Every structure is written in C-alpha cells, then in structure tokens.
Amino acid sequence: MCDKNKPSVQDIAELCFEKFESLPKTGKPTENQWTILAGIVEFNRQTGSSQLVALGCGTKCIGQSKLCSQGLIVNDSHAEVLARRSFLRFLYEELKQERIFHWNSELKSYVMDEHVEFHFLSTQTPCGDACILDDGDPEEQAKRQRFDKESEIIYTGAKLISDLNYDPMRQTPGVLRTKPGRGERTLSMSCSDKIARWNVMGVQGALLDSLISKPIYFNSLNFCCDDAQLESLERAIYKRWEGRSFKHYRFQLQKPQIRIDCGIKFEFAQRPDWQPSPNGLVWSKISDDLRPYEISVNGKRQGVTKKKLNTHQAALAISKYNFFLNFLDLLKSKTLLCEMLDINLSDLDHITYSSCKDLAKEYQLAWRHIKDQYFLQWTKKPNELLNFTSNPNK
Ligand SMILES: [Zn+2]
C-alpha cells in the first residue's frame, strides 16, 4: 500500500540511484568492484515534495595508527557514515541560507521547519549488530555466523589475524562492536551502533546541536538488500535498549519506521567474486560552486599530491577540520550565536575543536548519561586528537 505521508523505499532509492548515476565516472567502482550506497532524502509534509540532500558510498575504515591530530582525516568511510557527514555539510549550508531553518530570537536558536523530515536509505544491512540474525534455530545461527564472519572480512577489506583475535562475544545479539580495519584495530564503532546513537542523540552531532533548537532524527530507515531482517534491524537500532530508563527533555530514544525492500537492486551491490572499491564518494545538496561532490582515498581527497598529503589541502570538506571552520564561520557571521554560547568573537581564532564541542553543554551532559545507560563500551578517541585549532600550522 502506498503511504502518501512519506516517500516509499522505492521513491528514496530512485532519488539516490539517479544522483549516483549522474555523478562523474571518476572514483566510482570499476569493473568487478562493489560498494555500499547510503543516502538521505528531505521530505516536506506540507508540499509532499522529496529531494535528495546527501549521498555517501564506501566500505573502508582507517586503523588506530593512522588517526590524525589535526582533524584532516575521515577515519570511518563506511557509506552510512559518509552519508551522514554529507548531510552535516548540507545542514551547515542550510543554516547560512535559512531555507529550512529560521533564527528564533526568543529561543536564541535556529528552528527547523516543522514540516520537514529526513529519511535514510542504505543498500546494505549496517555492519555490527543488525547483521546478526535473531532466529532461535541453532543450525541457521551457525550458518549465519559463518556468513557474518566471512562477510565482515569481505565487507571491511580487513583480515582477521587469527581466531585468537576473534571476539567470541561478537555473535551475541545486542552488544556494541568496533569496526575491523586492515589487520588493525580501529576506534570506530560499527554502523549499527552509530545509527543507534543517532537515534537517541540525533544525527547533528555536538557542534550543530549547540545552534539548533531540537536534535534531528531520521523519520524512517530504509534498506534495499536481500539479507536484511526486520527483527535484527529493529533490535540494533532501538529495541536492544527498550526498558532502560533514560529521561531527558531534549534527547529521547526514537522508534523510527524501518522498512526493507528486497526488490530494489543497486548495480554495484556486494558480490563474492568482486572486490570492494577503495574509494569513498560523497555528495551534498549544496550550491555547485562549493563543489558538492568529493572522492576520498584513505580518508583524504583523491588526487592530492604527495607533498600536500599532510596539509589541510588534503582534507575533505566533510572532515572534522572543515566542519570546524564552517562552525566558526557561522559564529563569526552571527554574533548573537557567540553571545548565546558565551564566547568572545576574538577567541574564535585560537579556540580548539574540543572546546567548541564542549560549548554544547546539554549535548555533552546527555551523552554522558546516555553512554552509561546504552553505550557503555563506546570507544573514546584520545583527547590529543581533538585539540586542534582552525589554524593548521599551530
Ligand atoms: Zn559499516
């Protein structure tokens, strides 16, 4: 049955695939390569119109030793995470345009149009908990575990060093997991865990949270892949935390609609005889002169000369560093924001990324409580990775 109050999985997938096809060939999977595609669609309940606002493709994740203390590298290039970062880039531009956001002088905050909602889609089940099927049959479970182990290796391009390193808890439904890197541990949580976090804290992250009146949640999560199972997805995204008590006026555990459509095929979907594409692709619905499309390799811009590889010129527009610059630009352009956040305009040039994140006091406080309730084993990135300023030479 057609639900006129929101776009169908098919509508969302079509918008994603159409955009993907329209992008230049450079960076896309070549022959015998697969990738995962994730996208975010804006839907306006008043006008009934939908538009794609963010797209991400990718399968890779960077190991602990490659992390960057300047915020120049995107550590996690799984499609879901890239789509979310493209979405953040879109949101920063939207705050400048004031199309879906409006400044509310009473609340001293940006308020989003109440008719606007966002729908998320991925062409594969998110790695981690959602991949573990919860079907009591032991034989089926054993089969699934083998598949999960194999697909996790294929999925991330990583090889598990030996079975000694194999976490026996990994097949337990409901627990948190990190992503494997190339033979190296990563500090990145699985996509199931990250989506679950967005489902309580919102997708906007700390910096944007300090500027907007309410967190932004996905209204529906949509999957077009053969192996997706509704029970597992629901468990991974919210059911594993049902019954725990967490009450906050701003952040609440959501129960978004989760939909699966196995009939929709992505042309570069995973195949056992294909290799994962090494590239990440990101696109945001922003003005063309801002270069909305980027290709990444190892978390940096593709095509950067070796000499510039460790400079800010190698950073993607969706890197922490560039989001930080966007955030500071917004503050500089609207001094009311500085007042509201209790920060001097003159301090903005030497403030660190980490202390900017701390400006979102409510977000940080709520996250600490929510971590205790839901995400106890969430990895913490070393503080020295967040202490950079907007001046890359300092
Ligand atoms: Zn993932």
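## Strand pairing around β2

Two strands count as paired when DSSP finds at least two bridges between them. With that in hand, let us start at strand β2 of this predicted model. β2 covers residues 37-44, and strand β3 covers residues 49-57. The two run antiparallel to each other and share 8 bridges. Within this pairing, Ile40 sits opposite Ala54 of β3. The hairpin that joins β2 to β3 has 4 residues between the strands, and Gly48 there has a positive phi near 75°.

β2 also pairs with strand β8, residues 116-122, again in the antiparallel sense and over 7 bridges. Here Val41 faces His119 of β8. Is β2 largely enclosed or not, and why? Of its 8 residues, 7 are buried, so the rest of the structure largely encloses this strand. As a reminder for reading the strands, side chains in a regular strand alternate between the two faces of the sheet.

## The nonpolar core

Which residues touch the most other members of the largest nonpolar core? They are Cys16, Leu37, Ile40, Val41, Ala83 and Phe87, out of 90 residues in that core. Helix α2 supplies the largest share of this core, with 10 residues.

Ile40 is a good residue to click on. Setting aside neighbours within four places in sequence, Ile40 is in contact with Val53, Ala54, Ala83, Phe87, Phe118 and Phe120. Ala54 is also the residue that stands opposite Ile40 in β3, while Ala83 and Phe87 appear alongside Ile40 in the list of core residues that touch the most other members.

## Helices α1 and α2

Helix α2 spans residues 79-97, and 15 of its 19 residues are buried, which leaves this helix mostly covered. The 19 residues should span 27 Å at 1.5 Å a residue, and the end C-alpha atoms are indeed 27 Å apart, so the two values agree. Just after α2 comes Glu98, with a positive phi near 55°.

Helix α1, residues 9-22, passes the length check as well: 14 residues at 1.5 Å each should span 20 Å, and the end C-alpha atoms lie 20 Å apart. The buried residues of α1 are Ile12, Ala13, Leu15, Cys16, Phe17 and Phe20. Among the elements covering them are β2, β3, β8 and β11. When you look along a helix, remember that an α-helix has 3.6 residues a turn, so residues three or four places apart point the same way.

## A β-α-β unit

Further along the chain, strand β11 (residues 218-223) and strand β12 (residues 257-260) pair in the parallel sense over 4 bridges. Phe223 has Ile260 of β12 as its bridge partner. Together with helix α6, residues 230-237, the two strands form a right-handed β-α-β unit.

What do the buried residues of α6 pack against? They pack against α4 (191-201), β11 and β12. The residues in question are Ser232, Leu233, Arg235, Ala236 and Ile237.

## Loops worth a look

Most residues other than glycine have a negative phi. Asn32, in the loop between α1 and β1, has a positive phi near 65°. Is Asn32 buried or exposed? It has 10 C-beta neighbours inside 10 Å, so Asn32 counts as exposed. Lys108 is another residue with a positive phi, about 50°, and it lies in the loop between β6 (101-104) and β7 (109-112). Lys108 has 14 other C-beta atoms within 10 Å and is therefore partly exposed.

Ile132 lies in the loop between β8 and α3 (138-156). This residue counts as buried because it has 23 C-beta neighbours inside 10 Å. Ile132 and Pro173 are 41 residues apart along the chain, yet their C-alpha atoms are separated by 6.3 Å.

## The whole chain and confidence

The protein chain has 10 helices and 16 strands. Of its 394 residues, 42% are buried. Among contacts with a separation of 6 or more, 72% join residues 24 or more positions apart.

The mean pLDDT of the chain is 88, and 88% of its residues reach 70 or more. Where does pLDDT stay under 50? That happens over residues 150-170, for which the model has 26 contacts beyond four places in sequence.

Notes: Residues numbered from 1 in each chain as written. Predicted model: local features only at pLDDT ≥ 70, side-chain atom pairs only at ≥ 80, totals over all residues. Buried ≥ 20, exposed ≤ 12 C-beta atoms within 10 Å, placed from the backbone. Right-handed = clockwise from strand over helix to strand, strands pointing away. Expected span 1.5 Å × (residues − 1). Contact = placed C-beta atoms within 7 Å. Core = buried A, V, L, I, M, F, W, Y, C linked by C-beta atoms within 7 Å. pLDDT = per-residue confidence, 0-100.
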